[in-house]
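Trainee: Please show me how to read the features of a structure one at a time, with the general idea first and the particular case after it.

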Amino acid sequence: MSLTRDSIRAGVLQRMIEDSGCPIRLTTEDERHASLLAMLGGQRVPAGDVWVFGYGSLIWNPAFHYAERRLGTLHGWHRRFCLWTPLGRGTPEEPGLVLGLDRGGACRGVVFRVRAAEAWEELDIVWRREMVSDGYLPRWTRVRTEAGEVRAIAFTINRQAARYAGRLSLAEAAAVIARATGRLGSCAQYLLSTVEHLDQLGIPDRHLQALREQVLQAGGCPA
């Protein structure tokens, strides 16, 4: 299964969690809308276009409509496999790991510009995807691009969430990623797709490249 615009809007992630019986608290539609509205300053149609920072699967499968994308660097946060997932890229018996933005360092990724008139509809898709539970916290950040700095929404890890994995070593993360798989595919596939797209964009991530080598050595490969 791959996430698409239509499947996200239809609530595929919510149903996946509900059907699993995992003790993961789902955010309600009211909670998601309240969170999104707060990020937009209480206006369903913001005063200007909205930028969203992608650092993982949003780079290669955004699933929302955008008017422009740029390469950008976010300081103060780094990309890390630090969120346990017992469903999409894992199972309750063998959880996988997905990326989050944790404090410290810097992260190179992609910023997407969403037109103000379309912000509520398009960001609702992003919220249904990233804010389905309590794993992430949306926040306004400053992202540097070649065309200037932009104010962008980034989904940072919630260190208070029960699924926060902390700072796993390269070997620990690789061992999990090499074997975990779920309804959205394998963790190895998720890692390799991210590495490949970062390389293609000319913004390689050395930590993820080293992680990929260990995962491949351990027998992990895309499904």
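Mentor: Let us begin with the salt bridge, which is counted when a side-chain nitrogen of Lys or Arg lies within 4 Å of a carboxyl oxygen of Asp or Glu. Keep in mind that this is a predicted model, in which local features need pLDDT of at least 70 and side-chain atom pairs count only at pLDDT 80 or more, while totals for chains, interfaces and linings use all residues. Residues are numbered from 1 along each chain as its sequence is written, and side-chain values use heavy atoms, with hydrogens and water left out.

Trainee: How many salt bridges does a search of the whole structure find?

Mentor: The search finds 15. One of them joins the side chains of Arg128 and Asp124, with N and O 3.1 Å apart. These two residues are four apart in helix H5, so about one helical turn separates them; helices here are DSSP runs of H or I with at least four residues, strands are runs of E with at least two, and both are numbered from the N terminus. Arg128 is buried at 14% relative accessible area, and Asp124 is likewise buried at 13%, where buried means under 20%, exposed over 50% and partly exposed in between, for a 1.4 Å probe and protein chains only. Elsewhere, salt bridges with shared partners link Arg5, Arg9, Glu121 and Glu122 into one network.

Trainee: Which parts does the pair of Glu121 and Arg5 tie together?

Mentor: The closest N and O atoms of Glu121 and Arg5 are 3.7 Å apart. Because Glu121 lies in helix H5 and Arg5 in helix H1 (residues 5-9), their salt bridge ties together parts that are 116 residues apart in sequence. Glu121 is partly exposed, at 40% relative accessible area, whereas Arg5 is buried, at 16%. A further salt bridge joins Arg70 and Glu68 at 2.8 Å from N to O, and here Glu68 is partly exposed at 25% relative accessibility.

Trainee: In which sense do S2 and S3 pair, and over how many bridges?

Mentor: Two strands are said to pair if DSSP finds at least two bridges between them. Strand S2 (68-85) and strand S3 (96-114) pair in the antiparallel sense over 16 bridges. Within that pairing, Arg79 stands opposite Leu101 and Phe81 opposite Leu99. S3 also runs antiparallel to strand S1 (residues 50-54), to which five bridges join it, and Phe53 faces Val111 of S3. S2, in turn, pairs antiparallel with strand S4 (residues 136-145) over two bridges, Leu74 having Val143 as its bridge partner in S4. In a regular strand, the side chains alternate between the two faces of the sheet. S3 is mostly covered, since 14 of its 19 residues are buried.

Trainee: How should I read empty space, and what volume does the largest pocket have?

Mentor: Rolling a probe the size of a water molecule over the atoms shows where empty space is left. On a 1 Å grid over the protein atoms alone, a cavity is a set of points where a 1.4 Å probe fits but cannot get out, a pocket is an open set with protein on both sides within 12 Å along at least five of seven lines, and lining residues have an atom within 4 Å of a point. The largest pocket has a volume of about 660 Å³. Its lining comprises 33 residues, and Leu3, Leu13, Val98, Arg129 and Leu184 lie nearest its centre. Among the elements that give two or more residues to this lining are S2, S3, helix H5 (119-130) and helix H7 (187-200). By class, the pocket lining has 19 nonpolar, 10 polar and four charged residues.

Trainee: Which residues line the largest cavity?

Mentor: The structure holds one cavity of 30 Å³ or more, and the largest cavity has a volume of about 50 Å³. Its lining consists of Arg80, Phe81, Leu168, Ser169, Leu170, Ala173, His207 and Leu211. S2, helix H6 (170-179) and helix H8 (206-217) are the elements that give two or more residues to it.

Trainee: How many disulfides does a search of the whole structure find?

Mentor: A disulfide requires a pair of cysteine sulfur atoms within 2.5 Å, and the search finds zero. The closest cysteine sulfur to that of Cys22 belongs to Cys187 and is 14 Å away, too far for a bond. Cys82 is in no disulfide either, the nearest cysteine sulfur, that of Cys107, being 11 Å away. Both are buried, Cys22 at 12% relative accessibility and Cys82 at 0%.

Terms used
Points joined across faces, edges and corners; volume = space filled by probe spheres on them. Nonpolar A, V, L, I, M, F, W, Y, C, P; charged D, E, K, R; others polar.
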